Amino acid sequence: MSEVIDARGLSCPQPVLDTLEKIEAMGTGKLEVLVDTDAAKENISRAVQGKGWAVASIDEEGAGEYRLRLFGD
Amino acid sequence: MNNFFATRKGIVAVGLIIGIFAALLQYLGNPGNMGICVACFERDIAGAVGLHRAGVVQYMRPEIIGFVLGAMIAAFLGRDFRPRAGSAPIVRFILGVFAMIGALVFLGCPWRALLRLAGGDLNAVIGLAGLIAGIWIGTLFFRKGYNLGRSQKTYTSVGLLMPLVMVGLLLLMLIYPQIDGQAKSGVLLYSLKGPGAMHAPLLISLGVGLLVGAIAQRSRFCTMGAFRDLILFKQVHLLVGVVALLAAAFAMNLVLGQFNMGFEHQPVAHSQAIWNFAGMLLAGLCFALAGGCPGRQLFMAGEGDGDAAVFVFGMIVGAGFAHNFGLASSPKGVGPHGIAAVIIGLAVCLFIGFTMRKKA
């Protein structure tokens, strides 16, 4: 069961900040992040890769919402 | 296809294009080291519609109109037009007001600070230092849980309001075009001298605005974000775009004979270092707290963000106050009440930053 961050509706840099805080607290594991802008999707993908985590998948859910599945090992 | 402009090469390309065209716009008539200045140009628009009566800075700048409409078109083509609104709009308005006041104490937005530096104006180094210091203070608030809350999805028509306003301003400009030697054409004011009288041809300005608006929307180009991401996340993605802008404008200025290094006698600038620093400190903090530099706010407004649109209107109204109340600087130095306004603005930002937090 992944942990989930709902970053929908949050403006820059909040989605990235919340995601990085979470993965730093977790160290390793699985995390899902919900976002609703392409900018947040791109920024989170870029940021977590810089921390050694990977983006396993990005699924579009409904109109313009994305679920990013992240993992770090 | 993935979004090319969101890649490293993409953001560099965007920075280069903005730098090249900004220098060219100066060559074609825009004021010195002001090929593109979002703060200055919004201030000129405020003057064109009579929100202030500073006769030297009144012109309906087509670049700004193009930024919003170009971003809107790119957002629709890229399928990321996202109508949204409702994240503390009143706070964004106030931040826009003081962002403009701070920028007009320095005499330029972050884009112009880069263009001033690219033209050899060393006062810009001090302004950029102030900008970075302001952004750094903003990151401290973010680390302490500062958060303006979520926006809500809304009707497409809400997201279209800002682009429609820009279409309206463009129509006004076409209905009441500039008449040689006249300060007024219908409802619009036009400067006869000063920076407001200096401009590239309308269609060129509009075309560059549309192009820059489109590529900046795709790339999320943001000068404030460049420094914020460096400080907050040690990320240089946006910063390389900013450096590319600076390098391209510098090279173009050398080619076009627009480079003149020094502190004194720089175009539309003063050399009161403390207030160049403090003005941009205030502006940088406002941009950080509002989540985008003035350019980025225009592009977000174009892609449907009603809160960014409110920030833009805050800046335009702020320009009215800045000139009506003697807060804006001039080449002679700071305005009679500019210093007081910067201090009040910083106090307001601290109030916002300290009190609008999710965490204890």
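This short presentation covers the contact between chains A and B and then several helices of chain B.

Good morning. Please keep in mind throughout that this is a predicted model.

I begin with the contact between the two chains. Chain A contributes 19 residues to it and chain B contributes 20 residues. On the chain A side, helix 1 (14–26) and helix 2 (38–50) each supply at least two of the residues that touch chain B. Helix 2 of chain A gives the most, with six residues. Sorted by class, the side of chain A that touches chain B has eight nonpolar, six polar and five charged residues.

I turn now to chain B, and to two pairs of helices within it. Two packed helices are described by the angle between their axes and the distance between the axes. The first pair is helix 5, residues 110–118, and helix 6, residues 123–143, of chain B; their axes come within 9 Å and cross at roughly 150 degrees. With angles over 145 degrees counted as roughly antiparallel, helix 5 and helix 6 of chain B are therefore roughly antiparallel to each other. The crossing of helix 5 of chain B past helix 6 of chain B is left-handed. Which residues meet here? From helix 5 of chain B they are P110(B), A113(B), R116(B) and L117(B), and from helix 6 of chain B they are A124(B), V125(B), G127(B), L128(B) and L131(B). That contact divides into seven nonpolar residues, one polar and one charged.

The second pair is helix 9, residues 223–233, and helix 10, residues 237–256, of chain B. Their axes come within 7 Å and cross at roughly 135 degrees, and helix 9 and helix 10 of chain B are therefore oblique to each other. Helix 9 of chain B also passes helix 10 of chain B in a left-handed crossing. On the helix 9 side, the contact is made by T223(B), G225(B), A226(B), D229(B) and L230(B); on the helix 10 side, by H237(B), L238(B), L239(B), G241(B) and V242(B). By class, this contact between helix 9 and helix 10 of chain B has five nonpolar, four polar and one charged residues.

Next, burial. Helix 12 of chain B runs over residues 294–302, and nine of its nine residues are buried, so helix 12 is largely enclosed by the rest of the structure. Its buried residues include R296(B) and Q297(B), alongside L298(B), F299(B) and M300(B). After helix 12 of chain B comes G304(B), with a positive phi near 110 degrees.

Helix 13 of chain B, residues 306–324, has 15 of its 19 residues buried, so this helix too is largely enclosed by the rest of the structure. Does its length fall in or out of agreement with the expected span? At 1.5 Å a residue, the 19 residues should span 27 Å, and the end C-alpha atoms of helix 13 of chain B are 27 Å apart, which agrees. Helix 13 of chain B is followed by G326(B), whose phi is positive, near 70 degrees.

I close with a single residue, L25(B), which lies in helix 1 (residues 8–27) of chain B. Is L25(B) buried or exposed? With 22 other C-beta atoms within 10 Å, L25(B) is buried. Leaving aside neighbours within four places in sequence, L25(B) is in contact with N30(B), G35(B), I36(B), A200(B), S205(B) and V208(B). Of these partners, I36(B) is 11 residues away along the chain, and its C-alpha atom is separated from that of L25(B) by 7.6 Å.

Thank you.

Key
Residues numbered from 1 in each chain as written. Chains lettered and ligands numbered in written order. Predicted model: local features only at pLDDT ≥ 70, side-chain atom pairs only at ≥ 80, totals over all residues. Contact = placed C-beta atoms within 7 Å. Helix = DSSP H or I, 4+ residues; strand = E, 2+ residues; numbered from the N terminus. Nonpolar A, V, L, I, M, F, W, Y, C, P; charged D, E, K, R; others polar. Axes fitted to C-alpha atoms, helices over the stretch in contact; angles between N-to-C directions. Parallel < 35°, antiparallel > 145°, perpendicular 65-115°, else oblique. Left-handed = near helix turned anticlockwise from the far one by under 90°. Expected span 1.5 Å × (residues − 1). Buried ≥ 20, exposed ≤ 12 C-beta atoms within 10 Å, placed from the backbone.
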